[in-house]
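Hello,

Here is the structure we talked about. Please open it first, then read my notes with it on screen.

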Amino acid sequence: MKHISVLVPRGDAALGTIEGPFKFFLFVNDFLAAMGRAPAFDVQLVGMTADPQKYSGVFTVVPDVTIQDLKKTDLVIIPAVNGDRDSVIEMNKSFFPWIIEQHEKGAEVASLCVGAFLLAATGMLNGKSCTTHWMSAPDFKNMFPEVNLMDNRIITDENGVYTSGGANTFWNLLVYLVEKYIDRQMAIYTTKFFMIEIDRNTQSPFIMFTGQKEHEDEEVRKAQEFIERSFQDKITVDQLSEMFAIGRRSFERRFKKATSNSVVEYIQRVKIEAAKKSFEVSRKNVTELMYEVGYTDTKAFRSTFKKITGLSPNEYRNKYNKSQISA
């Protein structure tokens, strides 16, 4: 039987990422019992102290055990934590030596959504790949440049150090762990019971590109604003560098440093974001919308759209356009 430790963090936390995994693994035990099989999991809520933690000023969670008393576990689950990142990390740093010690003893570790900030703060993700909520990606990259953030992924697995993408994608990680710890049959059973889409691997269709503007480079910010105003036009790197009287190589370097995107990537993402919004509300066909966002090559547009969203233009429209859903 595997011992699972769901952390009860201090500060604000997404209650569902504490309750969700706690109940999920207990439900799996019930499913196994109904099949005449032995339970697979012993699940506990683990706190820095035994003090109850209140979330959203309403919900109270009482730890079952403290890190001082729990000497050995098999899986540590780090829930999503909200609020100022530095403050949350500071409030919960007493967990870090225990998490590292458990990992060194053989325990696996999983972060859910923005719980990746706590996991990264332990240093355990340095040189590794991880994911988190796509909306928190700019902050994560700035705080932890030594971590390879793959913000389009639903799940990452680096030799027993797991991370999950944004919001409810943590359910996909839980299913992934059930398949690994038990078998595929049980994983499929849990997805049917909880109505989870199995084998999802990307959160790209959900990403809304807003551009990273929290930086100090005024010329780059003006270039971003120009791109966003002029997405209908053909925009080139040379055009932008000349507009702001900056050498091309220097402009590209400064743009990448400030926004975490190359100039070409930024232009593409702005255009595709405009196309996505049109697909969600318009009945125009792909060619019409392609021209509206400044593309003239159908193949290039379709290829770029799928690279960024994970879906073809038609798949995206069919998924999100209400008139298409109703048709």
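Start with one contact: a polar atom of the Asn 321 side chain lies 2.7 Å from the backbone oxygen of Phe 279. Please keep in mind that this is a predicted model.

**Asn 321**

Where does Asn 321 lie? Find the loop between helix 14 (313-320) and helix 15 (322-326). Asn 321 is in that loop. Is Asn 321 buried or exposed? Its relative accessible area is 1%. Buried means under 20%, so Asn 321 is buried. Now look at what surrounds the residue. Leaving out residues up to four places away in sequence, Asn 321 touches Phe 279, Glu 280, Val 281 and Ser 282. Phe 279 is also the residue whose backbone oxygen takes part in the 2.7 Å pair.

**Strand 11**

Next, go to residues 161-164, which form strand 11. In a regular strand, side chains alternate between the two faces of the sheet. Which residues of strand 11 are on each side? Val 161 and Thr 163 are on one side. Tyr 162 and Ser 164 are on the other. These four are all buried, and both faces of the strand are covered.

Strand 11 pairs with strand 7 and with strand 10:

- Strand 7 (residues 108-111) runs parallel to strand 11, and 3 bridges join them. Here Ser 111 has Thr 163 as its bridge partner.
- Strand 10 (residues 155-158) runs antiparallel to strand 11, and 4 bridges join them. Here Asp 157 has Tyr 162 as its bridge partner.

Strand 10 and strand 11 form a hairpin, with 2 residues between the strands. Look at Asn 159 in this hairpin: it takes a positive phi near 55°.

**Cysteines**

How many disulfides does the structure hold? The count is 0. Cys 113 is in no disulfide, and its nearest cysteine sulfur is that of Cys 130, 12 Å away. Why is there no bond from Cys 130? The closest cysteine sulfur to that of Cys 130 is in Cys 113, and 12 Å is too far for a bond. A disulfide needs the two sulfur atoms within 2.5 Å. Both residues count as buried: Cys 113 has 8% relative accessibility, and Cys 130 has 0%.

**The largest pocket**

The largest pocket has a volume of about 940 Å³. Its lining is made up of 33 residues. Nearest the centre are Ala 137, Lys 141, Asp 151, Asn 261 and Arg 269. Which elements give two or more residues to the lining? They are helix 5 (137-143), strand 9 (148-149), helix 11 (263-281) and helix 13 (298-309). Helix 5 gives the most, with 5 residues.

**Cavities**

A search of the whole structure finds 2 cavities of 30 Å³ or more. The largest cavity holds about 70 Å³ of space. Its lining residues are Ser 204, Ile 207, Phe 209, Arg 269, Ile 272, Glu 273, Lys 276, Ile 308 and Thr 309. Helix 11 and helix 13 each give two or more residues to this lining. The largest share comes from helix 11, with 4 residues. Look again at Arg 269. This residue is among those that line the largest cavity, and it is also one of the residues nearest the centre of the largest pocket.

Best wishes

Conventions: Residues are numbered from 1 along each chain as its sequence is written. This is a predicted model: local features need pLDDT of at least 70, side-chain atom pairs count only at pLDDT 80 or more; totals for chains, interfaces and linings use all residues. Side-chain values use heavy atoms; hydrogens and water are left out. Buried means under 20% relative accessible area, exposed over 50%, partly exposed in between (1.4 Å probe, protein chains only). Two strands pair if DSSP finds at least two bridges between them. A polar contact is a pair of N or O atoms within 3.5 Å; within protein, one must be able to donate a hydrogen and the other to accept it, and residues adjacent in sequence count only if both atoms are side-chain atoms. Contact means heavy atoms within 4.5 Å. On a 1 Å grid over the protein atoms alone, a cavity is a set of points where a 1.4 Å probe fits but cannot get out, and a pocket is an open set with protein on both sides within 12 Å along at least five of seven lines; lining residues have an atom within 4 Å of a point. Grid points are joined across faces, edges and corners, and a volume is the space filled by probe spheres set on the points.
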